[in-house]
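Please examine the sequence and the three-dimensional model shown below. The explanation after it is best read with the coordinates open in a viewer.

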Amino acid sequence: MRTLFFGTSDFAVPSLEVTAKRTEVRGVVTQPDRPAGRGQKLQASPVKVAAQRLGLRVYQPASLRDFVKELGGEAFDLFVLASYGKIVPQAVLDLPKLGSLNVHPSLLPKYRGATPIQSALRDGAAETGVTIMLMDAGMDTGDVVLQERTPILPGETYGELHDRLARFGAQALAHAIDAARGGAFPRTPQIGSPTLTRPLRKEDLALDWSWSAERIVNHVRALSPQPAARATIADIPVKILRAEVAMWNRPLLDPGQIAGMIGDALIVSCGDAAVNVLEVIPPNRPRQSGAAFGAPLLVKGT
């Protein structure tokens, strides 16, 4: 089975490895190298690095429409896409004989779009999953080839769930590719009410201490470790990486006021109770426990 793989971020790497094991990958399409870090040196995408490790040909087209000419009319059975990061024209999706599969980290039609994992965590969803779909011209609207569910674990962060769904999605993709060997996919239209997610904006990172404890904790989980929830504690801007709902049965303080410490946690009052802030990154300092950050503030009587 002759395939072409489209992917860019580290989410796509396990799917590329599965595709390379099960098919003849004729090339890997990924986004151009980007400047990154303090020196702004050009950095290859995780998929490009993985493709080179696997000895696969890499394409980094600026325009996918022009890229079709570069393929020279080669016949493909299947295209596989995972976290490519750019809209692929229908004319490209229609090239392979069996169609184009996409690995999407949600239970479509819920959480279509750019930030499905973050959105599920922010909403406090109890479960998520992966959908392998046949792509069409819409935004994650294609027919479902298969869908697999998994519970979201207590306290699981975006980074942890992202990595788990990347592996989970690759396993589901393997099943779909195996099904393709029979010459056709099982396919059903998406069922249910769709919801759409969008890329994160700077203003999406800030949490408000007047929110409920549960909403604050979900917000922190959805953004950890990157780009991280932003807040101020005692007028100091911090990134919050881990938090949990505090067992709090004392009178409410003003939202955002430090209520004390317990273990490694700094207890901060919020809209309906309090939150245990477990891990933070203060300005120009490494990550540290909430208690390590908060102890000097309590000594000063902040």
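The following paragraphs proceed from the overall chain to its sheet, its helix packing and a few individual residues.

The structure is a predicted model. Its protein chain comprises eight helices and 17 strands. Taken along the principal axes, the C-alpha atoms fill a box of roughly 70 × 45 × 30 Å. Of the 302 residues, 50% count as buried. Among the contacts with a separation of 6 or more, 62% are accounted for by residues 24 or more positions apart.

A convenient starting point is the open sheet. This sheet has seven strands in the order β5-β2-β1-β6-β7-β9-β10, and its pairing is mixed. At its edges stand β5 (58-59) and β10 (144-151), each of which pairs on one side only. Within the sheet, strand β1 (residues 2-7) and strand β6 (residues 78-82) run parallel and are joined by five bridges. One register point for this pair is Phe-5, whose bridge partner in β6 is Val-80. Helix α1 packs on the sheet and touches β1, β2 (24-29), β6 and β7 (100-104). The direction of α1 makes about 175 degrees with that of β1.

Helix α1 also packs against two other helices. With α2 (residues 46-53), helix α1 (residues 13-22) makes an angle of about 30 degrees, and the two axes are 9 Å apart. An angle under 35 degrees counts as roughly parallel, and α1 and α2 are therefore roughly parallel to each other. Their crossing is right-handed. On the α1 side the contact is made by Val-13, Leu-16 and Glu-17, which meet Pro-46, Val-47, Ala-50, Ala-51 and Arg-53 in α2. By class, this contact of α1 with α2 has six nonpolar residues, two charged residues and no polar ones.

The second partner is helix α6 (residues 158-180), whose axis comes within 8 Å of that of α1, the two crossing at roughly 25 degrees. That angle makes α1 roughly parallel to α6. The crossing of α1 and α6 is likewise right-handed. Here Pro-14, Ser-15, Val-18, Thr-19 and Arg-22 in α1 meet a set of residues in α6 that includes Ala-166, Arg-167, Ala-170, Leu-173 and Asp-178. The residues of this contact divide into seven nonpolar, three polar and three charged.

Attention now turns to another group of strands. Strand β12 (residues 229-233) and strand β13 (residues 236-245) run antiparallel and are joined by five bridges. The two form a hairpin with two residues between them, and Ala-234 in the turn has a positive phi of about 55 degrees. Ile-233 has Ile-236 as its bridge partner in β13. Strand β13 also pairs with β16 (residues 274-281), in the antiparallel sense and over six bridges. In that pairing, Val-245 is matched with Val-275 of β16.

Helix α7 (residues 213-223) packs against these strands. This helix is mostly covered, with nine of its eleven residues buried. Among the buried residues are Ile-216, Val-217, His-219, Val-220, Arg-221 and Leu-223. The buried residues of α7 pack against α5 (116-122), α6, β12, β13 and β16.

Two individual residues complete the account. Arg-242 lies in strand β13. Is its side buried, exposed or in between? Arg-242 has a relative accessible area of 33% and is therefore partly exposed. Beyond its neighbours up to four places away in sequence, Arg-242 touches Gly-155, Thr-157, Glu-160, Val-220, Asn-276, Val-277, Leu-278 and Glu-279. The C-alpha atoms of Arg-242 and Asn-102 are separated by 32 Å, the two residues being 140 apart along the chain.

Ala-291 has its place in helix α8 (residues 290-299). With a relative accessible area of 10%, and with under 20% as the cut-off, Ala-291 is buried. Leaving aside residues within four places in sequence, Ala-291 is in contact with Met-261, Gly-263, Asp-264, Ala-265 and Leu-266. Of these contacts, Ala-265 is 26 residues from Ala-291 in sequence, and their C-alpha atoms are 5.0 Å apart in space.

Methods. Residues numbered from 1 in each chain as written. Predicted model: local features only at pLDDT ≥ 70, side-chain atom pairs only at ≥ 80, totals over all residues. Heavy atoms only, no water. Axes fitted to C-alpha atoms, helices over the stretch in contact; angles between N-to-C directions. Helix = DSSP H or I, 4+ residues; strand = E, 2+ residues; numbered from the N terminus. Parallel < 35°, antiparallel > 145°, perpendicular 65-115°, else oblique. Left-handed = near helix turned anticlockwise from the far one by under 90°. Contact = heavy atoms within 4.5 Å. Nonpolar A, V, L, I, M, F, W, Y, C, P; charged D, E, K, R; others polar. Pairing = 2+ DSSP bridges. Buried < 20%, exposed > 50% of the residue type's maximum accessible area, 1.4 Å probe, protein only.
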